[in-house]
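Welcome to a short set of exercises on reading a model through its contacts and angles. Each one gives a task and then a solution in steps.

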Amino acid sequence: QVLGDLLNDYKTRCMGRQEARTKDEDYDAQGELALKEEEIHDNSILNEVCDVVHVLFDIKRVDFLPYWDNLLNYFVHMVEPARGAADRQWALCVFDDLVEACGPSSAPYAHLFAGRMLESITDAEPEVRQAACYGSGAMALHGGPEYTQILQQALPRLVSVINDQSAKAIGNSDATENAISAVAKIMRNPANGVPLDQGLTM
């Protein structure tokens with residue numbers, strides 16, 4: 001209940017900032033500065049909430065799923081493309097935790113986040129790419145055969161991250177390393193349905 005209340009308050013404040021930026025006639029540079037300060041504070045709250053969810057998944061694993069169901073929709077909305085990079089990054093991290101902690105039991109939720117995870121592998125924001133690439137590796141290592149089709153679609157996206165001209169640039173290296181790790185995990189597990197020679201030719 002506490003986590004749900006925090007996430008609901010966070011959502012309300014995000015919507016308030018969006019409305020202020022688009023509809024407030026008195027909106028100016030000073031107003032934007034105030035909104036930015038509020039945004040930084042809210043991002044720290046979101047960080048802490050996601051850390052708590054991470055710990056709960058790590059300790060309770062599948063036993064946490066009934067409680068997770070009450071929080072799920074907040075994170076589904078947070079990963080939408082229109083949301084800010086911090087929202088998308090933290091939501092993806094939570095879905096990464098879901099897959100890592102619950103393995104194949106996470107598959108019934110995959111339709112709610114896997115598509116966004118695939119899109120986010122090549123996101124313009126490196127922090128978002130990093131979380132999505134890590135999640136691909138988690139699906140390969142823990143997800144089971146239910147994630148085969150998703151991983152087959154993820155592989156060329158991961159390779160494009162690795163081959164990008166700026167892959168080793170400062171700020172991009174963490175996402176690139178996660179992409180390399182994810183490709184290795186996909187190819188190492190035959191149950192993922194990706195033949196070794198297919199991965200090597202990409």
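**Exercise 1. A serine in a loop**

Which backbone oxygen does the side chain of S106 reach?

Solution. A word on the ground rules: this is a predicted model, in which local features need pLDDT of at least 70, side-chain atom pairs count only at pLDDT 80 or more, and totals for chains, interfaces and linings use all residues. Residues are numbered from 1 along each chain as its sequence is written, and side-chain values use heavy atoms, with hydrogens and water left out.

- Step 1. Locate the residue: S106 sits in the loop between α5 and α6 (110–120). Helices here are DSSP runs (H or I, at least four residues; strands are E, at least two), numbered from the N terminus.
- Step 2. Find the partner: the S106 side chain reaches the backbone oxygen of G103 at 2.6 Å. A polar contact is a pair of N or O atoms within 3.5 Å; within protein, one must be able to donate a hydrogen and the other to accept it, and residues adjacent in sequence count only if both atoms are side-chain atoms.
- Step 3. Look at the partner itself: G103 follows α5 and has a positive phi, near 55°.
- Step 4. Check the surroundings: setting aside neighbours within four places in sequence, S106 is in contact with L98, V99 and Y147, where contact means heavy atoms within 4.5 Å.
- Step 5. Check the exposure: S106 has 0% relative accessibility and therefore counts as buried. The cut-offs are under 20% relative accessible area for buried, over 50% for exposed, and partly exposed in between (1.4 Å probe, protein chains only).

**Exercise 2. Another residue of that loop**

Is P108 buried or exposed?

Solution.

- Step 1. P108 is also placed in the loop between α5 and α6.
- Step 2. With 56% relative accessibility, P108 counts as exposed.
- Step 3. For a distance to try yourself, take P108 and E146: they are 38 residues apart in sequence, and their C-alpha atoms are 9.1 Å apart in space.

**Exercise 3. The nonpolar core**

Which residues have the most contacts inside the largest nonpolar core?

Solution.

- Step 1. Fix the term: a nonpolar core is a set of buried Ala, Val, Leu, Ile, Met, Phe, Trp, Tyr and Cys residues joined through side-chain atoms within 4.5 Å.
- Step 2. The largest such core has 55 residues, and W68 and F75 have the most contacts inside it. Helix α5 (residues 85–102) gives the largest share of this core, 9 residues.
- Step 3. Leaving out residues up to four places away in sequence, W68 touches F57, F75, V94, F95, L98 and Y109.
- Step 4. Both W68 and F75 are buried.

**Exercise 4. Rings around the tryptophan**

How is the aromatic pair of W68 and F95 arranged, stacked or edge-to-face?

Solution.

- Step 1. Rings of Phe, Tyr and Trp (its six-membered ring) pair if their centres lie within 6.5 Å; planes under 30 degrees apart count as stacked, over 60 as edge-to-face and the rest as tilted.
- Step 2. Searching the whole structure gives 6 aromatic pairs. One of them is W68 with F75, stacked at 5.8 Å centre to centre with 20° between the planes.
- Step 3. W68 and F95 are edge-to-face, with 5.9 Å centre to centre and 90° between the planes. Since W68 lies in helix α3 (residues 65–68) and F95 in helix α5, the pair ties together parts that are 27 residues apart in sequence.
- Step 4. Widen the view: F57, F64, Y67, W68, F75, F95 and F113 form one aromatic cluster.

**Exercise 5. Two helices**

How many residues of α5 are buried?

Solution.

- Step 1. The count for α5 is 13 of 18, so this helix is largely enclosed by the rest of the structure.
- Step 2. From first C-alpha to last, α5 reaches 26 Å, close to the 26 Å expected at 1.5 Å a residue; the expected span is 1.5 Å times one less than the number of residues.
- Step 3. Pick a residue: A91 lies in helix α5 and is in contact with F75, M78 and V79, neighbours within four places in sequence aside.
- Step 4. Repeat for helix α7 (residues 126–143), which reaches 24 Å, close to the 26 Å expected. In α7, 13 of the 18 residues are buried, so it too is largely enclosed by the rest of the structure.
- Step 5. α7 is followed by G144, whose phi is positive, near 85°.
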